[in-house]
Amino acid sequence: MTKAFTFKVLATDGKARRGSITMPRGEIRTPAFMPVGTGGTVKTMYMDQVRGVGSDIILGNTYHLMLRPGAERVARLGGLHEFARWPHPILTDSGGFQVMSLSKLRKLTEKGVTFRSHIDGAAYEMSPERSIEIQGLLGADIQMQLDECTALPAMEKEIERAMELSLRWAERCRTAFGDQQGKAMFGIVQGGDIAALRLRSAQALKAMDLKGYAIGGLAVGEPQPVMLEMLDITCPELPADRPRYLMGVGTPDDILKSVARGIDMFDCVMPTRAGRHGLAYTRRGKVNLRNARHADDPRPLDEESDCPAARDYSRAYLHHLVRSQEALGAMLLTWNNLSYYQKLMQDIRAAIEAGAFEARAAEISERWARGDI
Ligand SMILES: NCc1cc(CSc2ccccc2)c2nc(N)[nH]c(=O)c2c1
């Protein structure tokens with residue numbers, strides 16, 4: 001059982017990396033997909049199912065948990081791992097992104113963000129120091145700096161101001177985090193869709209010698225080619241021996257193309273949110289179980305899957321559950337979707353180890369394009 005946070009690159013295939021993060025609470029096999037567990041739960045799933053589909057780490061959300069049930073309360077109850085009964089690594093976001101997208105009456109200054117809760121309107125202040133304090137109270141193994149993410153499209157001056165503020169906040173978070181053995185604080189590269197700003201952000205964060213680096217401010221409405229171009233510019237500037245986390249990404253196609261550019265960690269609400277809306281991810285593409293064409297279809301989603309939700313239930317039954325708004329519909333489709341995403345990541349890791357990533361990625365994409373027959 002290691003006491004330190006370490007990252008090793010075990011194999012490379014072009015710019016794709018197969019790696020391993022080791023922490024006291026366990027190993028994270030990369031490239032990794034991290035299910036979003038916003039309020040201390042991966043919605044509709046038991047934690048042993050989340051583990052059972054191959055998840056090494058889940059995400060928690062500072063913004064949601066500080067509002068309800070409260071960071072100090074979670075700490076008094078033993079921390080988020082104990083509270084949610086997930087003993088493996090947890091990464092928490094810093095909360096700034098959620099404040100800007102969810103809260104009302106927010107005000108952003110050099111000091112931090114002040115805002116009112118979207119739940120009860122109570123007033124809060126989130127400084128870089130308070131964000132790190134909250135993530136520590138939750139017991140997060142990987143903590144994110146407080147940053148300002150600019151929605152695109154935006155004026156270059158606005159993107160530059162937010163990127164420079166985020167760099168100053170990174171320094172303050174690094175000081176507040178200190179030297180917590182076995183834990184890590186990641187910096188977040190900002191800079192929108194402006195190459196020069198991305199370079200400046202990455203180089204300044206690299207000089208801070210952080211344990212890991214996230215790429216933020218993407219998947220915020222820009223076309224995929226723009227996101228990929230920013231990865232082409234940013235990844236080479238980041239240290240090769242530290243993990244790279246692309247925040248809030250993405251579809252299977254986004255993940256394949258981003259692994260090919262050197263990304264190691266992903267998170268996205270898509271598989272869990274889609275499951276709650278009747279959408280199934282399969283090897284053959286997406287299947288919308290709300291569609292009447294499934295009403296008499298006795299086939300499972302994927303007879304070859306090792307996930308019971310994909311292998312043991314007919315599409316007709318899943319269609320019935322979704323149309324009837326039965327809770328089991330969301331549960332089975334979320335289970336299927338997370339299983340699909342983790343199987344995709346396992347496929348990717350094996351392909352990089354075998355030096356066959358490009359060919360395997362093309363096969364996966366072609367199967368998706370052919371659709372569901
Ligand atoms: N849409 C992409 C995205 C998503 C998240 C949220 S990722 C997340 C969500 C829940 C829990 C943990 C991480 C971000 N978070 C931060 N701090 N900065 C960003 O630029 C950014 C961009």
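This is a short talk on a ligand site, some salt bridges and a few individual residues in one protein model.

Hi everyone, and thanks for coming. Please keep in mind throughout that the model is a predicted one.

Let's begin with the ligand. Which residues are closest to it? There are 19 residues around the ligand, and the closest are Asp-93, Asp-147, Gln-190, Gly-217 and Leu-218. Let me go through some of the polar atoms involved. The side chain of Asp-147 has an N or O atom 2.7 Å from a nitrogen atom of the ligand. Gln-190 also uses its side chain, with a polar atom 3.0 Å from a ligand oxygen. Ala-219 takes part through its backbone, where a polar atom sits 3.2 Å from a nitrogen of the ligand. And how much of the ligand does the protein bury? On its own the ligand would expose 510 Å², and the protein buries 93% of that.

Now let me stay with one of those closest residues, Asp-93. You can find Asp-93 in strand S6, which covers residues 90-93. This residue is buried, and yet it has no salt bridge. So where is the nearest side chain of opposite charge? That side chain is Arg-273, and it is 12 Å away from Asp-93. What Asp-93 does have is a set of contacts from elsewhere in the sequence, beyond four places either way: Gly-60, Thr-62, Gln-98, Gln-135, Met-144 and Met-247.

On to the salt bridges. How many are there? The count comes to 30, and I have picked a few to show you.

In the first example, Glu-353 pairs with Arg-18, with their closest N and O atoms 2.6 Å apart. This pair ties together distant parts of the chain, since Glu-353 belongs to helix H14 (residues 327-353) and Arg-18 to strand S2 (residues 16-23), with their positions 335 residues apart. Are the two partners buried or exposed? Glu-353 has a relative accessibility of 48%, so it counts as partly exposed. Arg-18 is at 10%, so it counts as buried.

My next example is Asp-141 with Arg-25, a salt bridge with an N to O distance of 2.8 Å. Here too, distant parts of the chain are linked, 116 residues apart. Asp-141 is in the loop between helix H6 and strand S10, while Arg-25 is in the loop between S2 and strand S3. Asp-141 is buried because its relative accessibility is 3%, whereas Arg-25 is at 34% and therefore partly exposed.

Then there is a local one. Arg-174 and Glu-171 form a salt bridge at 3.4 Å, N to O. Both of these residues are in helix H7 (residues 156-177), and they are 3 residues apart, about one turn of the helix. Each is partly exposed: Arg-174 has a relative accessible area of 36%, and Glu-171 has one of 37%. Salt bridges can also share partners, and in that way Lys-157, Glu-160, Glu-164 and Arg-200 are joined into one network.

To finish, here are three residues you may like to find for yourselves.

Gln-224 lies in helix H9, residues 224-234. With a relative accessibility of 24%, Gln-224 counts as partly exposed. Which residues does Gln-224 contact beyond its sequence neighbours? They are Asp-253, Asp-254 and Lys-257. With Asp-253, there is a polar contact of 3.0 Å between the two side chains. Compare that with Arg-172: it is 52 residues from Gln-224 along the chain, and the two C-alpha atoms are 32 Å apart.

Trp-335 takes us back to helix H14. Setting aside residues up to four places away, Trp-335 touches Met-45, Gln-49, Val-53, Cys-307, Pro-308 and Ala-309. Glu-304, which is 31 residues from Trp-335 in sequence, is 15 Å away, C-alpha to C-alpha.

Finally, Arg-315 is in helix H13, residues 315-323. Is Arg-315 buried or exposed? Its relative accessibility is 1%, so Arg-315 counts as buried. A polar atom of the Arg-315 side chain is 3.2 Å from the backbone oxygen of Leu-301. Beyond its sequence neighbours, Arg-315 touches a list of residues including Arg-284, His-294, Asp-297, Pro-300, Leu-301 and Asp-372.

That's my tour. Thanks for listening!

Notes. Residues are numbered from 1 along each chain as its sequence is written. This is a predicted model: local features need pLDDT of at least 70, side-chain atom pairs count only at pLDDT 80 or more; totals for chains, interfaces and linings use all residues. Side-chain values use heavy atoms; hydrogens and water are left out. Helices (H or I, at least four residues) and strands (E, at least two) are DSSP runs, numbered from the N terminus. Buried means under 20% relative accessible area, exposed over 50%, partly exposed in between (1.4 Å probe, protein chains only). Lys and Arg count as positive and Asp and Glu as negative; His and the chain ends are not counted. A salt bridge is a side-chain nitrogen of Lys or Arg within 4 Å of a carboxyl oxygen of Asp or Glu. Contact means heavy atoms within 4.5 Å. A residue is near a molecule or strand if one of its heavy atoms lies within 4 Å of it. A polar contact is a pair of N or O atoms within 3.5 Å; within protein, one must be able to donate a hydrogen and the other to accept it, and residues adjacent in sequence count only if both atoms are side-chain atoms. Accessible areas come from the Shrake-Rupley method with a 1.4 Å probe; for residues, only the protein chains shown count as cover.
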